[in-house]
Amino acid sequence: MKNSLYIIIVGCGRLGSYLANQLSRVGHSVVVIDADEQTFHNLSPDFSGFRVEGDATRIAVLKEAKLKQADVFFATTHWDNVNLMVAQIARKLFHVPHVLARVYDPHREEMYNQLGIETICPTSVAAEMFLLAVASGRAEEGKEK
Amino acid sequence: MKVLIVGSGKTVYFLCKSFTAKGYEVVIINRDHQECVQLARDLSATVVCGDGSDADTLEDAGAMYAEAMLAITPNDQDNLIICQLAAIQFCVPRALALANDPENAEVFQELGISAFSTTHIIGNLIEQRASLEQVINLLPVGEGRVNVTEIHLDEASPVAGSALSEVTLPKSALVAVVIRENKPIIPRGDDRLLEGDRVVIISLPENHGQVLKIFTGNRK
């Protein structure tokens, strides 16, 4: 892997901006895309990447962000369908090596894993953490006894 | 045939009306509760209120028994996901998505989903119909894979006066009928085209423009 990656992040909400700030800080080239210019206020002052204002479901906007050159592509908008569509475009049409989409609905996650799109489902992740907490809580209870 | 339509507005209403008139079983999926109530009242179709890109909603709508899915919402991402869900999870044999952004029509095709762009269709119609006055009629047949065009040969037509055998047509184009003084003639190679004739041409869309040029000349 190269030391500095070219990373495109679609959606500059809480998750997208957090990732952008962190990745930019450690020296990667980051481009964030969001249809709402206001969301760029979430970026920290030392964010050194680029901002593209536009609807990522329009291929022209993705091309403007130089999707072809991307090493990593994250789809983090609040809409599952937007994330799944742009992730497929990045993976299948532009052959970006590493593509990840946030998908809230665990059912949709299954199908897109089948299609070769890697997804992260906050619902499943949170559920697992809760379950783990319950399990470990029980274990501690057991120890105390 | 059972057809699922996801979308809203007048297009859905009239499409559904015309499909049910043809005897199709239509199920409409719409997110807006109020519109669903109205549609259910006005149409003899089943109306399901919900998100068409949600597997449970599609299951409620009976997607596993549907033969066609038509996704015509104003959001391209929804249309794509709806069709992928229908095709992959419910094995609907025909899924067709509206590409609101004409560029997405190609994107959807590459992702394995049949798509159409109304902008594209209307644009083509206007170009073909309105810009050339002597093109009288245009009828796409075979799902638009074949064009039947009627062209009026006026004094500026470069082919008026030539024998049909002298007119070089692209391979996949054919002069089917010549209508002269209201009488149809099935032309042979030695028949001459005359000013005032109406020729009916069968062509493929890819060389349609070229064919028009041959019969009408270069004009704007």
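In this predicted model, strand β11 of chain B, residues 198-203, has two distinct faces: B:V199, B:I201 and B:S203 lie on the covered one, while B:R198, B:V200 and B:I202 lie on the uncovered one. Such a pattern can be read against a general rule, since in a regular strand the side chains alternate between the two faces of the sheet.

Strand β11(B) has partners on which the reader can follow the pairing residue by residue. Strand β8 of chain B, residues 146-152, pairs with β11(B) in the antiparallel sense over six bridges, and B:N147 is the residue that stands opposite B:S203 of β11(B). Strand β9 of chain B, residues 173-180, also pairs with β11(B) in the antiparallel sense over six bridges, and here B:A173 stands opposite B:S203. Following β9(B) onward leads to the loop between β9 and β10 (183-185) of chain B, where B:N182 is placed. B:N182 has a positive phi of about 65° although it is not a glycine, and the general background is that most residues other than glycine have a negative phi. Is B:N182 buried or exposed? With 6 other C-beta atoms within 10 Å, B:N182 is exposed.

Elsewhere in chain B there is an open sheet of six strands, whose order is β3-β2-β1-β4-β5-β6 and whose pairing is parallel. Its edge strands, β3 (46-49) and β6 (114-116) of chain B, each pair on one side only, and from one strand to the next the twist averages 20°. Within this order, β1 (residues 2-6) and β4 (residues 68-71) of chain B pair in the parallel sense over four bridges, with B:I5 standing opposite B:L70 of β4(B).

Helices lie across this sheet of chain B. Helix α1(B) lies across β1 and β2 (25-30) of chain B and runs at about 165° to β2(B), whereas α4(B) lies across β1, β4 and β5 (94-98) of chain B and runs at about 175° to β5(B). The length of helix α1(B), residues 9-21, can be checked against expectation: at 1.5 Å a residue its 13 residues should span 18 Å, and the end C-alpha atoms are 19 Å apart, which agrees. Just after α1(B) comes B:G23, which takes a positive phi of about 95°.

Turning to chain A, the reader finds an open sheet of six strands with parallel pairing and the order β3-β2-β1-β4-β5-β6. Strands β3 (50-53) and β6 (118-120) of chain A stand at the edges with a single partner strand each, so one side of each is left without a neighbour in the sheet. The twist averages 20° from one strand to the next. Strands β1 (residues 6-10) and β4 (residues 72-75) of chain A pair in the parallel sense over four bridges, and the bridge partner of A:V10 in β4(A) is A:A75. Helix α1 of chain A, residues 14-25, packs on the sheet and touches β1, β2 (29-34), β4 and β5 (98-102) of chain A, its direction making about 165° with that of β2(A). Helix α3(A) packs on the sheet as well, touching β1, β4 and β5 of chain A, and its direction makes about 175° with that of β5(A).

Chain A has its own residue with a positive phi: A:K66, at about 60°, although it is not a glycine. A:K66 is found in the loop between α2 (59-64) and β4 of chain A, and it counts as partly exposed because it has 15 C-beta neighbours inside 10 Å.

The chains come together in a contact that takes 16 residues from chain B and 15 residues from chain A. On the side of chain B that touches chain A, the elements giving two or more residues are α4 (76-89) and α5 (102-110) of chain B, and the largest share, eight residues, comes from α4(B). By class, this side of chain B has seven nonpolar, four polar and five charged residues.

How do the helices meet across this contact? Helix α3 of chain A, residues 80-93, and α4(B) pack at an angle of about 80° with their axes 8 Å apart, which makes α3(A) roughly perpendicular to α4(B). The residues that meet are A:N81, A:V82, A:L84 and A:M85 in α3(A) and B:Q77, B:D78, B:L80 and B:I81 in α4(B). The residues of this contact of α3(A) with α4(B) divide into five nonpolar, two polar and one charged.

Terms used. Residues are numbered from 1 along each chain as its sequence is written. Chains are lettered from A and ligands numbered from 1 in the order in which they are written. This is a predicted model: local features need pLDDT of at least 70, side-chain atom pairs count only at pLDDT 80 or more; totals for chains, interfaces and linings use all residues. Two residues are in contact if their C-beta atoms, placed from the backbone, lie within 7 Å. Ala, Val, Leu, Ile, Met, Phe, Trp, Tyr, Cys and Pro count as nonpolar, Asp, Glu, Lys and Arg as charged, and the others, Gly among them, as polar. A residue is buried if 20 or more other C-beta atoms lie within 10 Å of its own, exposed if 12 or fewer, and partly exposed in between; C-beta atoms are placed from the backbone. Two strands pair if DSSP finds at least two bridges between them. Axes are lines fitted to C-alpha atoms, for helices over the stretch in contact, and angles run from 0 to 180 degrees between N-to-C directions. Angles under 35 degrees count as roughly parallel, over 145 as roughly antiparallel, 65 to 115 as roughly perpendicular and the rest as oblique. The expected span of a helix is 1.5 Å times one less than its number of residues.
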